[in-house]
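Welcome to a short tour of one protein chain, strand by strand and ring by ring. Please keep the 3D view open as you read.

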Amino acid sequence: VQLQASGGGLVQAGGSLSLSCATSGRLFRSYAMGWFRQAPGKEREFVAAISWSGGSTYYADSVKGRFTISRGNAKNTVYLQMNSLKADDTAVYYCAVAKVIRTTPEMYDYWGQGTQVTVSS
C-alpha cells in the first residue's frame, strides 16, 4: 500500500501550489481520499476530503473558497489546488484514504509521507 504525495514547495503569499497524491493498486479507487496538514507544534488538522466518486467534497473553513480537491479519472489520484496562499497555510501536507469520506484523521486507514508547503509573507 503506497500513497505518494508531491507538489509541495516554497511560494509567496497570494501564490498558488498544486499537490497530488497517487495511490497504488485498484483498491483505493473505491475509497474516499483526504488531505490533512500539520504545522510545527500543532496537531494534524483536516484540510479537504473527497468521496470515491468525486461527487462529495468537504473543506475546512480556513481553506474554503481558496482550495479545491479533485480526483483523477482513474480515481486513484487526488489533487489539491491551493490558491491565495497565506503564511498560515505553511505545514506538511499529508494525503490519506478512508473507506468513507470523513474529516477526522482517526478515521483514515492509510497515509502518505507528507510534502512540505511553505508560504512566505
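Strand 1 and strand 3 run antiparallel and are joined by four bridges. One of the pairings puts A5 opposite C21 of strand 3. Keep in mind throughout that this is a predicted model.

Strand 1 itself is a nice place to start looking at side chains. L3 and A5 point to one face and are buried, while Q4 and S6 point to the other face and are not buried. That fits a familiar rule: in a regular strand, side chains alternate between the two faces of the sheet.

**Following the strands onward**

Strand 3 also pairs with strand 8, again antiparallel, through six bridges. Here S20 has Y79 in strand 8 as its bridge partner. Strand 8 in turn pairs with strand 7 in the antiparallel sense, this time over five bridges, and R71 has V78 of strand 8 as its bridge partner. The hairpin of strand 7 and strand 8 has five residues between the strands, and K75 takes a positive phi near 70° in this hairpin.

Another backbone feature is worth a glance. S84 is not a glycine, yet its phi is positive, at about 50°. This serine sits in the loop between strand 8 and strand 9, and S84 is partly exposed, with a relative accessible area of 41%.

A second serine makes a good counterpart. S51 belongs to the loop between strand 5 and strand 6 (57-59), and S51 is buried, with a relative accessible area of 11%. Leaving out residues up to four places away in sequence, S51 touches A32, S56, R71 and I101. R71 is thus both a contact of S51 and the bridge partner of V78.

**The disulfide**

How many disulfides does a search of the whole structure find? The search finds one, and this disulfide joins C21 to C95, with 2.0 Å from S to S. C21 lies in strand 3 and C95 in strand 9, so the pair ties together parts that are 74 residues apart in sequence. The torsion about the S-S bond is about 60°, so the disulfide of C21 and C95 is right-handed. Both cysteines, C21 and C95, are buried. C21 has already appeared above as the bridge partner of A5.

**The nonpolar core**

As a general matter, nonpolar side chains tend to be buried together in soluble globular proteins. In this model the largest nonpolar core has 36 residues, and those with the most contacts inside it are W35, V47, F67, L80, M82 and Y93. Among the elements that give two or more residues to this core are strand 1 (3-6), strand 3 (17-23), strand 7 (67-71), strand 8 (77-82) and strand 9 (91-98). Strand 9 supplies the largest share of the core, six residues.

Y93 is worth selecting in your viewer. With its neighbours within four places in sequence left aside, Y93 is in contact with residues including L19, W35, V47, F67, L80, M82 and V117. G114 and T115 are also among the contacts of Y93.

**Aromatic rings and a charged neighbour**

The structure holds four aromatic pairs. Two that involve F36 are set out here.

| Ring pair | Centre to centre | Angle between planes | Type |
|---|---|---|---|
| F36 and F46 | 5.7 Å | 70° | edge-to-face |
| F36 and Y108 | 5.0 Å | 80° | edge-to-face |

F36 in strand 4 and F46 in strand 5 are ten residues apart, and their pair links distant parts of the chain. F36 lies in strand 4 and Y108 in the loop between strand 9 and strand 10 (110-111), so their pair ties together parts that are 72 residues apart in sequence.

Are these rings buried or exposed? F36 is buried, with a relative accessible area of 0%, F46 is buried, with 13%, and Y108 is buried as well.

Ring pairs link F36, F46, Y108 and W111 into a cluster. R44 brings a charge to this part of the picture: R44 lies over the face of W111, at 4.7 Å from the ring centre. R44 also lies over the face of Y94, at 3.9 Å from the ring centre.

Terms used: Residues are numbered from 1 along each chain as its sequence is written. Side-chain values use heavy atoms; hydrogens and water are left out. A nonpolar core is a set of buried Ala, Val, Leu, Ile, Met, Phe, Trp, Tyr and Cys residues joined through side-chain atoms within 4.5 Å. Buried means under 20% relative accessible area, exposed over 50%, partly exposed in between (1.4 Å probe, protein chains only). Contact means heavy atoms within 4.5 Å. Rings of Phe, Tyr and Trp (its six-membered ring) pair if their centres lie within 6.5 Å; planes under 30 degrees apart count as stacked, over 60 as edge-to-face and the rest as tilted. A charge sits over a ring if NZ of Lys or CZ of Arg is within 6 Å of the ring centre and within 35 degrees of the ring normal. A disulfide is a pair of cysteine sulfur atoms within 2.5 Å. Two strands pair if DSSP finds at least two bridges between them.
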